[in-house]
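Student: Please take me through one part of this structure, step by step. I would like to see how that part sits with the rest.

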Amino acid sequence: MNKRDRKIFASAIGVFGSDEQTRVAQEECAELIKALSKYHRVITYQSNDKRKVQRCLNNIREEMVDVSIMLDQLQLIFDFTKAELDEAREMKVRRLEERLPLEEE
Ligand SMILES: [Mg+2]
């Protein structure tokens with residue numbers, strides 16, 4: 001997160017409190033889950049309605065952004081460093097890579 005975002009997020013946590021912002025994070029995660037569920041329902045039963053599919057994609061993008069904003073705030077609330085998160089992410093990506101079939105040369 002950049003300096004400006006960090007300042008704004010820290011201010012939001014200061015104004016609304018850590019408890020409230022962790023609840024907002026839960027809500028935003030739920031909204032992304034709902035957006036993904038709806039997308040699956042629409043592409044399963046209404047895939048020919050391109051406007052509806054596009055609305056679902058727009059909604060997924062918006063909820064992904066909301067979640068990413070709340071992830072940044074959770075980082076501040078729980079005082080996780082970027083290095084800690086990067087290290088944990090690298091480990092998870094490596095684990096995922098190991099589960100994939102080996103690439104053919
Ligand atoms: Mg949202």
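Tutor: Start with one cut-off. Two helices count as roughly perpendicular when the angle between their axes is 65 to 115 degrees. Keep in mind that this is a predicted model.

Now the part to study: helix H1, residues 3-16. Begin with its partner H2, which covers residues 18-45. The axes of H1 and H2 come within 6 Å. They cross at roughly 115 degrees. That angle falls at the edge of the range, so H1 and H2 are roughly perpendicular to each other. Which residues make the contact between H1 and H2? From H1 come Ala12, Ile13 and Phe16. From H2 come Ser18, Glu20 and Gln21. By class, this contact has 3 nonpolar, 2 polar and 1 charged residues.

Turn to the next partner, H3, which covers residues 50-77. The axes of H1 and H3 come within 10 Å and cross at roughly 70 degrees. Here too the cut-off applies, so H1 and H3 are roughly perpendicular to each other. On the H1 side, the contact uses Asp5, Phe9, Ala10, Ala12 and Ile13. On the H3 side, Asp72, Gln73, Leu76 and Ile77 take part. Sorted by class, there are 6 nonpolar, 1 polar and 2 charged residues.

Compare the lists. Ala12 and Ile13 take part in the contact with H2 and also in the contact with H3. Zoom in on alanine 12, which sits in H1. Leave out residues up to four places away in sequence, and alanine 12 touches Gln21 and Gln73. Gln21 belongs to H2, while Gln73 belongs to H3. Is alanine 12 buried, exposed or partly exposed? Count its neighbours: 16 other C-beta atoms lie within 10 Å. A residue is buried at 20 or more and exposed at 12 or fewer. Alanine 12 is therefore partly exposed. For a sense of distance, take phenylalanine 80, which is 68 residues away from alanine 12 in sequence. Their C-alpha atoms are 17 Å apart in space.

What about the partners of H1? H2 and H3 pack against each other at about 155 degrees, with their axes 8 Å apart. That makes H2 roughly antiparallel to H3. The contact of H2 with H3 has 17 nonpolar, 5 polar and 6 charged residues. The crossing of H2 past H3 is left-handed.

Follow the chain past H3. A loop leads on to H4, residues 82-99, and aspartate 79 lies in that loop. Most residues other than glycine have a negative phi. Aspartate 79 is not a glycine, yet its phi is positive, about 55 degrees. With 7 other C-beta atoms within 10 Å, aspartate 79 is exposed.

Step back to the whole chain. There are 4 helices and 0 strands. In order from the N terminus, the elements read α-α-α-α. The radius of gyration is 18 Å, well over the 13 Å that the globule rule gives for 105 residues, so the chain is more spread out than a compact globule. The C-alpha atoms fill a box of roughly 45 × 40 × 20 Å. Buried residues make up 7% of the chain. Among contacts with a separation of 6 or more, 72% join residues 24 or more positions apart.

Conventions: Residues numbered from 1 in each chain as written. Predicted model: local features only at pLDDT ≥ 70, side-chain atom pairs only at ≥ 80, totals over all residues. Helix = DSSP H or I, 4+ residues; strand = E, 2+ residues; numbered from the N terminus. Rg over C-alpha atoms; globule rule 2.2 N^0.38 Å. Contact = placed C-beta atoms within 7 Å. Axes fitted to C-alpha atoms, helices over the stretch in contact; angles between N-to-C directions. Parallel < 35°, antiparallel > 145°, perpendicular 65-115°, else oblique. Nonpolar A, V, L, I, M, F, W, Y, C, P; charged D, E, K, R; others polar. Left-handed = near helix turned anticlockwise from the far one by under 90°.
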